[in-house]
Amino acid sequence: VNNTHVPELVNVTVQKVWTDANDQDGFRPVSVTVQLLKDGNVINTTVLNATNNWKFTFKDLDKYENGVVIVYSVNETAVVNYTANITSDGKGNWTVNNTHVPELVNVTVQKVWSDADNQDGFRPVSVEVQLLANGTVINSTVLDASNGWKFTFYDLDKYYNGRVIVYSVGETSVVKYTADITRDGNGNWTV
């Protein structure tokens, strides 16, 4: 009498998801290492990257060991500048979502008048100041006495395509005045 039983096999699929504004800050690595764990112990690893579409399946894994269902899970070696969240659908499919919140900066501009306290009466009641990112105007504001001739552009992206954005300010022409624009070491601008 020959009794045959083919041991039941399972697959474990792992998919990498990036939540990082399309790698805006440029911190995404070219690959990550994912570990397959059997009852909490590492038994295999794989490398996920763009070539394999950040997805891999560990195939033909034993479902049971000594009559007990084996618990498979996945883990990821730490990815610098990212936080990992690992979830399962309960059917052998795992998702590793790496999150990086893009860095933000603020740019403050202050208007200073060097005109002997408006002695000649030419000072305008307001001026328009422009915010530039890498030389291109992206925003503007009006400075006047009501805001103390000062304004802060908040929550600006620090990076674009992995490169630091160079912010600067400009001022629309003010009749009978010459503008001198300077920056301190903290990124604050004075016109």
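In which strand is the place of Leu132? In this predicted model, Leu132 has its place in strand S11, which covers residues 126-133. Leu132 is buried, and its relative accessible area is 14%, a value that counts as buried because the term is used for anything under 20% relative accessible area. Along the chain Leu132 and Tyr167 are 35 residues apart, yet their C-alpha atoms are separated by 5.5 Å.

**Salt bridges**

The structure holds 7 salt bridges, and three of them are set out in the table, with the distance between the closest N and O atoms.

| Residue | Partner | Closest N and O atoms |
|---|---|---|
| Glu65 | Lys38 | 2.9 Å |
| Lys158 | Glu103 | 3.5 Å |
| Asp115 | Arg123 | 2.6 Å |

The salt bridge between Glu65 and Lys38 links distant parts of the chain, for Glu65 belongs to strand S5 (residues 64-65) and Lys38 to strand S2 (residues 31-38), with their positions 27 residues apart in the numbering. Glu65 is partly exposed, at a relative accessible area of 38%, and Lys38 likewise counts as partly exposed, at 22%.

Lys158 and Glu103 also form a salt bridge. Lys158 lies in the loop between strand S13 (150-157) and strand S14 (159-160), while Glu103 lies in the loop between strand S9 (93-99) and strand S10 (104-110), so this pair ties together parts that are 55 residues apart in sequence. Lys158 is partly exposed, with a relative accessible area of 26%, and Glu103 is partly exposed too, with 30%.

In the pair of Asp115 and Arg123, Asp115 is buried, with a relative accessible area of 14%, whereas Arg123 is partly exposed, with 24%.

**A buried charge without a salt bridge**

Asp144, which is found in strand S12 (residues 136-144), is buried yet has no salt bridge. The nearest side chain of opposite charge is that of Arg123, and it is 12 Å away; a salt bridge would need the side-chain nitrogen and the carboxyl oxygen to be within 4 Å. The side chain of Asp144 does make a polar contact, at 2.5 Å, with the side chain of Ser146.

**Two residues with positive phi**

Most residues other than glycine have a negative phi. Against that background, Asn66 has a phi near 55°, a positive value in a residue other than glycine. Asn66 is found in the loop between S5 and strand S6 (68-69), and Asn66 is exposed, with a relative accessible area of 77%. Asp117 also has a positive phi, near 55°, and is a residue other than glycine. Asp117 lies in the loop between S10 and S11 and is exposed, with a relative accessible area of 68%.

**The largest pocket**

How many residues line the largest pocket, and which of them lie nearest its centre? The lining is made up of 13 residues, and those nearest the centre are Val10, Val12, Ile70, Tyr72 and Gly92. The volume of this pocket is about 210 Å³. Strand S1 (residues 9-19) gives the most to the lining, with 3 residues. By type, the lining residues divide into 7 nonpolar, 4 polar and 2 charged.

Conventions
Residues numbered from 1 in each chain as written. Predicted model: local features only at pLDDT ≥ 70, side-chain atom pairs only at ≥ 80, totals over all residues. Heavy atoms only, no water. 1 Å grid on protein atoms, 1.4 Å probe; cavity = no way out; pocket = protein on both sides within 12 Å on 5 of 7 lines; lining within 4 Å. Points joined across faces, edges and corners; volume = space filled by probe spheres on them. Helix = DSSP H or I, 4+ residues; strand = E, 2+ residues; numbered from the N terminus. Nonpolar A, V, L, I, M, F, W, Y, C, P; charged D, E, K, R; others polar. Buried < 20%, exposed > 50% of the residue type's maximum accessible area, 1.4 Å probe, protein only. Lys, Arg positive; Asp, Glu negative; His and termini not counted. Polar contact = N/O pair within 3.5 Å; in protein donor to acceptor, adjacent residues only side chain to side chain.
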